[in-house]
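Welcome to this guided tour. Please open the model in your viewer and keep the selection tool at hand.

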Amino acid sequence: RSLGRVILAEVDHPHAAPEAEEKIVHIQPSPILDAEGLAHHAFAEERLRYFVGRGKILDEISAYLNAEDSHVLAVLGEGGTGKSALMAKAAERAQGAHPKAQLVYRFIGATPGSSDGRSLLESLCKEISRCYGADESDVPLDFRDLVPEFGKRLGLATREKPLILFLDSLDQLSEHQDARHLSWLPADQPDHVALVV
């Protein structure tokens, strides 16, 4: 009865809805993003809403991006320590510091397809192709064919238009096709590619 009175009072005299807070966009989404890319953008934005700290690690990632190193940079840490938020913040900073670069990022596990090695590589190959105006219709469907194709698509990067790729939560890849063993990940990337995992 007490709750009923509160509900009826609210029906008779509703409170004004709180004004929606102004939405801040941290990472500017590329117009070439498909549904998968937009889902990862939304995931990153959610992680960035309350991000603070980690300045030293972010500076180390920035130094790697500025050095044009041909090796992969790995960020390691226990589950739940904020690595996904850190990767989102690093992507935001990379976009600001490298405006001519193409920024591609995936948070594995954020969507069902991103946890599957085949779907992940297909999605990455297609997005990289769109970044560089390449044909995405010839991206193969089989995982074994996608592995070398991924390396070829990375090779589309140029000095004028480098590629920065962030791949978060590799440990959440499924065991299917041995994707979790990361044999598809190049030990040395092509020139003008930075890969942070």
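In which hand, left or right, does helix 3 cross helix 4? We will get to the answer at the second stop. This is a predicted model, in which local features need pLDDT of at least 70, side-chain atom pairs count only at pLDDT 80 or more, and totals for chains, interfaces and linings use all residues. Residues are numbered from 1 along each chain as its sequence is written, and side-chain values use heavy atoms, with hydrogens and water left out.

**Stop 1: the whole chain.** Show the C-alpha trace, which spans about 70 × 35 × 35 Å along its principal axes. The protein has six helices and three strands; helices (H or I, at least four residues) and strands (E, at least two) are DSSP runs, numbered from the N terminus. Following the chain from the N terminus, you meet the elements as α-α-α-α-β-α-α-β-β. Of the 197 residues, 40% are buried, where buried means under 20% relative accessible area, exposed over 50% and partly exposed in between, with a 1.4 Å probe and protein chains only.

**Stop 2: helix 3 and helix 4.** Select residues 55-67 for helix 3 and 83-97 for helix 4. Here is the promised answer: helix 3 passes helix 4 in a right-handed crossing, the near helix being turned clockwise from the far one by less than a right angle (anticlockwise would be left-handed). Their axes come within 10 Å and cross at roughly 50 degrees. Axes are lines fitted to C-alpha atoms, for helices over the stretch in contact, and angles run from 0 to 180 degrees between N-to-C directions. The two helices are therefore oblique to each other; under 35 degrees counts as roughly parallel, over 145 as roughly antiparallel, 65 to 115 as roughly perpendicular and the rest as oblique.

Now show side chains. Contact means heavy atoms within 4.5 Å, and the residues making this one include Ile57, Ile61 and Leu65 of helix 3 and Leu86, Ala90 and Ala94 of helix 4.

**Stop 3: helix 2 against helix 4.** Add residues 35-48, which are helix 2. Helix 2 packs on helix 4 at an angle of about 105 degrees, with the axes 8 Å apart, and the pair is therefore roughly perpendicular. Look for Phe43, Ala44, Arg47 and Leu48 in helix 2, meeting Ser84, Ala85, Ala88, Lys89 and Glu92 in helix 4.

**Stop 4: the loop.** Click on Arg49, between helix 2 and helix 3. Is Arg49 buried, exposed or partly exposed? At 40% relative accessibility, Arg49 counts as partly exposed. Try a distance from here to Ser62: the C-alpha atoms are 21 Å apart, with the two positions 13 residues apart in sequence numbering.

**Stop 5: the sheet.** Select the three strands, which form an open sheet in the order 1-2-3 with parallel pairing; two strands pair if DSSP finds at least two bridges between them. The edges are strand 1 (102-107) and strand 3 (193-196), each pairing on one side only. Strand 2 (residues 163-168) joins strand 1 over six bridges and strand 3 over four. Two pairs to highlight are Tyr105 with Phe166, and Ile164 opposite Ala194.

Finish on strand 3. Val193 and Leu195 point one way, Ala194 and Val196 the other, and all are buried. In a regular strand, side chains alternate between the two faces of the sheet.
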